[in-house]
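Here are some short exercises to work through with the model open beside you. Try each one before you read its solution.

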Amino acid sequence: MTDCKTETKGLVPSPLAAKALREKAVYGQPLEVADGISVILADNAKDYTGPGTNTYLVGNDRLWIIDPGPADAVHLQAVLDAVDGRVVEGILVTHNHLDHSPAATPLSEQLDAPVYGYGGLPEEVLHSSDEDIDPDFVPHRALMGGEKIGTGRWHLQVLHTPGHFPNHLCYWLPEMGIVFTGDHVMGWSTTVIVPPLGNLADYMDSLDLIASTSAVRLMPSHGDPVDNAQSRINEIRDHRMMRQGQVEECLHQGKTDPASIVAELYEGLTPRLLKAAEGCVQAHIDMYHARRAQAERFELTASNSLHR
Ligand SMILES: [Zn+2]
């Protein structure tokens, strides 16, 4: 399969790319990325977080905090210093992975600000996966897709974007043409989608939802802001569908085991990324079966109505 060696720069998590980002990263200092929007980078770099988690401060006199980050005392203090006594309207969480939500509670207590998010997940869901989940996350105010929060220039619209994680939210700031994309769209790499909590079909639908805004910039929770919003979304969509085609080709050749498909498609993969790659391949296999089942249901319905 020669097409497996397609150029994937910026599309597959790469320890080398993550290392390069860490080397130029500035931790703990607020950096203005747009008028009234600054980012504070947490020092929690891992293979999938690029240089670390971005915590955004949005607004001037009254702030929204987006993705408070990990429970790290140094990061917490850096965020408090950047807030510098201003009123915090709310702390918005994209999802409760351990690198995004744990600082919400201590920040909420110190700033007297409510925490907003889609909500926690049922116990049985939490225990169905060995992902790095924050099990204690419960927002003060549960949000739903389509809701609007804030006022004036700083009003945000909530986009429910499952795919990477079931309770993932993005926040759309229409006045500035910006979507805060959490882990759904990152600038430095594609996101990890591992079943059972990750779902590729949902991911693609959520990507379409983000594209349906008129976003010109994306502010991810890992990596630099993305200035070419729509072309980055298209690039990610094309990459996912290219990979879907490759996985389906393997299935048609009788390879059904994720490990053997990874060996075929991910040549030269760093061993520690193997498990996640197998999870991503499983997500592609699941989407293949889901689409086949849907097509069969459609054919059955069509033939039933023909014979009526
Ligand atoms: Zn995540």
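Two residues are in contact if their C-beta atoms, placed from the backbone, lie within 7 Å. This is a predicted model: local features need pLDDT of at least 70, side-chain atom pairs count only at pLDDT 80 or more, and totals for chains, interfaces and linings use all residues. Residues are numbered from 1 along each chain as its sequence is written.

**Exercise 1.** Describe the chain as a whole.

Solution. Start with contacts between residues at least 6 apart in sequence: 65% of them join residues at least 24 apart. Next, take the radius of gyration, computed over C-alpha atoms, with a globule rule of 2.2 Å times the number of residues to the power 0.38. A compact globule of 308 residues would come out near 19 Å, and the chain has 20 Å, so the two agree. The C-alpha trace spans about 65 × 50 × 40 Å along its principal axes. Finally, 42% of the 308 residues are buried, where buried means that 20 or more other C-beta atoms, placed from the backbone, lie within 10 Å of the residue's own.

**Exercise 2.** Work out the strand order of the seven-stranded open sheet.

Solution. Helices (H or I, at least four residues) and strands (E, at least two) are DSSP runs, numbered from the N terminus; the chain has eight helices and twelve strands. Two strands pair if DSSP finds at least two bridges between them. The order is β1-β2-β3-β4-β5-β6-β7, with mixed pairing. At the edges are β1 (31–34) and β7 (141–142), each pairing on one side only.

**Exercise 3.** Follow the pairing of β1, β2 and β3, then look at how enclosed β2 is.

Solution. β1 and β2 run antiparallel and are joined by three bridges, with Glu-32 opposite Ser-38 in β2. The two strands form a hairpin with two residues between them, and Gly-36 in the turn has a positive phi of about 85 degrees. β2 then pairs with β3 in the antiparallel sense over five bridges; here Leu-41 stands opposite Asn-54 in β3. Four of the five residues of β2 are buried, so this strand is largely enclosed by the rest of the structure.

**Exercise 4.** Find a parallel pair and the helices that pack there.

Solution. β4 (residues 62–66) and β5 (residues 87–92) pair in the parallel sense over five bridges, and Ile-65 stands opposite Ile-91 in β5. Helix α2 (residues 73–83) lies across β2 (37–41), β3 (54–58), β4 and β5, at about 160 degrees to β2. Helix α3 (residues 104–111) packs on the sheet too, touching β4, β5 and β6 (115–117), and makes about 165 degrees with β5. These angles run from 0 to 180 degrees between N-to-C directions, with axes fitted as lines to C-alpha atoms, for helices over the stretch in contact.

Note on methods
A residue is buried if 20 or more other C-beta atoms lie within 10 Å of its own, exposed if 12 or fewer, and partly exposed in between; C-beta atoms are placed from the backbone.
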